Amino acid sequence: MKIETNRTKKIVKNLFKNPLNSIITLFSLFLIIRIIIWFFDWGILNATWVGNTKQICFENSGACWIFIKDKIFFFVYGFIAKKDYWRINILFLLYLCLGLLFFVKAIKNKVVLILFYLILLPFITFVFAGGGIFGLSKISLTLWGGFMLTAVFSLMGLLYSFPIGLLLALGRRSKLPIIKAFSVGYIEFFRGIPLITILFMSSTVLPFFFPVGFEVPKILRVILGLVIFQSAYLAEVVRGGLQTVEKIQYESADSLGLAYAHKMYFVILPQALRNIVINIGDISIAFIKDTTLVYIIGLFDMLGIYVPLTSDPIWLGTETEALFFSGMLYWVLCFVVAKLFKGVDKIINKDRKGVSI
Amino acid sequence: MWKKILFWNFDTNNLKKINIGQILIQTVVVGVVALMLVFLFGNYLNNITTKNINIGFDFLDDSAGFSIGQTLIDYDTSDSYFKVYIVGLLNTLLASFIAIIFATVIGFVFGIFLLVDNWLLVKIAETYVEIIRNIPPLLHVLFWYVVVILKILPNYNESINIGNILYINVRGATIPALDWNNKALLFFILFVPLIVLSIYIARHSKRLRLEGKKAVSKLWQVGIWVAIVVLLVITKPFVIVMPVQGKFVFTSGFTFYPELFALVVALSTYTSTYIATIVRSSIMSIPKVQIEAAHSLGLSFFQRLRYVVIPLAVRSMVPPLTNQYLNIIKNSSLGVAIGYPEIIAVFAGTSLNQSGRVIEIMTMVMLTYFAISIFTSWLMNIYNSRVNK
């Protein structure tokens, strides 16, 4: 307790130690209080919390939160029919279980688990959210939206980009000239163009490359585009990780007579990937934010769904509330994922001696 | 010498070490990729012949037939697709350039806020960075456009009027325009050498003074600027046209459209958070000795910043900063969501839908972004070598 009071005293003393600091402190306090009061006013005091129609909203000058209350299921499930919500709930539960399986100690080989997921994830997604088999009714893929669509894109994108990015990073470091050229070309190309270009391509250009009459649903094409994009960024991060492993590890593995694949799988990659968990977390969060771009090609994820929701004739003019709510949802999502990766990093690197700067 | 050229791995002492496995893998890879390309292009040709679309860049001469909101050069609906491309390119460069400048300034300011002595300021900066960073850039763009500009700015009839020079309303900000006449070329031919001379004298003098030699008198600089003003007065290359508010639209003056503002503000605030963390980590990587030396020299806070901290921080800051600048350039494509006519919106959007030439247009757009990225990286690399001498 004594140490805490000393530190607080020191901080407070610092705030006023010279005239400039005092002015800055007072001005900052003024600014903070002003912003908090404004937000409190708009968002809580003068906001409409109960009611059913927009008419009630006009009575209060603040936010119209009953709009969110009315439409909240759209933010989560998109335009899927209410009677099918239980299927999406099961899907979310399955996603959670698949994620938790990673922490189960009984499963020794997590890599085989990931390979298993490569097939399992699209399978359960398209069974529960797409339907048409096992006696479940068919849900049209065009009804997907909201948090459910963001989750599908993020999970599938991150899962599939991982093996491809890994192979690209290894290919970039390879001595074989053709493989190296392909890897470098792929990585530099897809890192140099904006994601919107790739999404535009996957929605307008890609159908031209399929045989005449072969139709692939838009969602699948978009996932392909997202995977291609993210694998380039992941390849760079993994390459950074491969460079953190000391050269002596490569040489020791070679001296043991290990083949290339064994060397990478048993010696190098475990060390390299442990070092870059936080970096992978950073690009994963950036990827989750990048999935919002599907709004531009007409898909309604957690951000884009504000457009059809605010076009509802009874709720016109509520864009502020919708965007604010979307922003909050994304903020919470990114925050949670960041904490998740920090936790994973701690667990994985529990036994390592860190270097304190 | 001939031996070195004739053999695959150029190592004449270890010729037998050519690994058949490696050659086989590469041949297989090349074969697979070639097969895929043949398959894909075959399908592409099939598809476009069934839809009666041609291949080739000849469509660039066709008339575009649609109008564009904000253009930096003259454009009307009968102009070619190539002009559409140029207009889009200029708009992309304009938005990126302004956003880069603002993002750097705001990022530096908040980066320094993260490291001052004042606990409150540090916490404010940290909160700003944490909140803005976790919100997708598209949401920033939509927020500034839909919420701020469309809802807060007044109508055309009730424009904010600042001294009859600046009008602000929901359709944009209108300022006086410069009407260049035919004397402009003459003016520029004489103007540019004078500017170059002025810059050269400034840098040469600085170098001479650092070496302790006597530099040319500063009157030369004054003289050059007087000459420029005289040139301006004599040739009168442009006429300043004040904005005139007509019944429905401004009949003169240059209008900055709100899409540009929204895009620039959104990109600047979003990227400034990343730049703030980069600045903070660069400053923290400066050896503490330097800062202590600056303190012991009695330099004030701003003097320390200007002469010691920032010059040393810039040395490690340039590569991640370049990365953020490239992100700004790529994120400028978000303008398509709010109707800002940059290259994706007008060329890869409207033009592609109208002409149907997907491959040609997408290739042009991708090569353009590539070129802009490489050019920016090159410039930053030059700066990097300069600060890391």
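Which residue in strand 2 of chain B is the bridge partner of I162(B)? The first legend gives the reply; the views below are all taken from a predicted model.

**Figure 1. Strands 1 and 2 of chain B form a hairpin.** The bridge partner of I162(B) is L166(B), which belongs to strand 2 of chain B. Strand 1 (residues 160-162) and strand 2 of chain B run antiparallel and are joined by three bridges. Three residues lie between the two strands of this hairpin, and in the turn G163(B) adopts a positive phi of about 60 degrees.

**Figure 2. A hairpin also joins strand 2 of chain B to strand 3 of chain B.** The connection between these two strands runs through two residues. Strand 3 of chain B covers residues 172-175, and its pairing with strand 2 of chain B is antiparallel, over three bridges. One of the partnerships to locate in this view is that of N169(B) with G172(B), the latter in strand 3 of chain B.

**Figure 3. Side chains alternate along strand 2 (residues 166-169) of chain B.** Y167(B) and N169(B) point to one face of the strand and are buried. L166(B) and I168(B) point to the other face and are not buried. Two of these residues also appear in the preceding views: L166(B) as the bridge partner of I162(B), and N169(B) as the bridge partner of G172(B).

**Figure 4. A nonpolar patch of about 730 Å² lies on the surface of chain B.** The patch is made by I165(B), L178(B), W180(B), F188(B), V192(B), V196(B), I240(B) and M242(B). Strand 4 (177-180) and helix 6 (184-210) of chain B are the elements that each give two or more residues to the patch. Helix 6 of chain B gives the most, with three residues. V192(B) is placed in helix 6 of chain B; with a relative accessible area of 44%, V192(B) is partly exposed.

**Figure 5. Positive charges gather in a surface patch on chain B.** The residues of this patch are R203(B), K206(B), R207(B), R306(B), R386(B) and K389(B). Helix 6 of chain B gives the most to this patch, with three residues; helix 6 of chain B likewise gives the most to the nonpolar patch. R386(B) belongs to helix 12 (residues 358-387) of chain B. The relative accessible area of R386(B) is 52%, so this residue counts as exposed.

**Figure 6. K213(B) and E211(B) meet in a salt bridge.** Their side chains approach to 3.1 Å, N to O. Both partners are partly exposed: K213(B) has a relative accessible area of 48%, and E211(B) has one of 49%. Over all chains, the structure holds twelve salt bridges.

**Figure 7. R172(A) and E236(A) form a salt bridge between two helices of chain A.** The closest N and O atoms of this pair are 2.8 Å apart. R172(A) lies in helix 7 (residues 146-172) and E236(A) in helix 10 (residues 218-244) of chain A, so the pair ties together parts that are 64 residues apart in sequence. Both partners are buried, R172(A) at a relative accessible area of 14% and E236(A) at 15%. Side chains of opposite charge can pair when their charged atoms come close.

**Figure 8. A network of salt bridges links R172(A), E188(A), E236(A) and R239(A).** Within this network, E236(A) forms a salt bridge with R239(A), in which the closest N and O atoms are 3.3 Å apart. E236(A) and R239(A) both lie in helix 10 of chain A, where they are three residues apart, about one turn of the helix. E236(A) counts as buried at 15% relative accessibility, whereas R239(A), at 23%, counts as partly exposed.

**Figure 9. A129(A) is a buried residue of chain A.** Chain A has 15 helices and zero strands, and its C-alpha atoms fill a box of roughly 75 × 70 × 40 Å along the principal axes. Of the 357 residues of chain A, 45% count as buried. A129(A) is found in helix 6 (residues 110-130) of chain A, and its relative accessible area is 0%. The C-alpha atoms of A129(A) and Y85(A) are separated by 9.4 Å, although the two residues stand 44 residues apart along the chain.

Technical notes: Residues numbered from 1 in each chain as written. Chains lettered and ligands numbered in written order. Predicted model: local features only at pLDDT ≥ 70, side-chain atom pairs only at ≥ 80, totals over all residues. Heavy atoms only, no water. Patch = residues over 30% accessible without salt bridge, like charges linked within 9 Å, V, L, I, M, F, W, Y side chains within 5 Å. Areas by Shrake-Rupley, 256 points an atom, 1.4 Å probe, with all protein chains shown as cover. Salt bridge = Lys/Arg side-chain N within 4 Å of Asp/Glu carboxyl O. Helix = DSSP H or I, 4+ residues; strand = E, 2+ residues; numbered from the N terminus. Buried < 20%, exposed > 50% of the residue type's maximum accessible area, 1.4 Å probe, protein only. Lys, Arg positive; Asp, Glu negative; His and termini not counted. Charge placed at Lys NZ, Arg CZ, Asp CG, Glu CD. Pairing = 2+ DSSP bridges.
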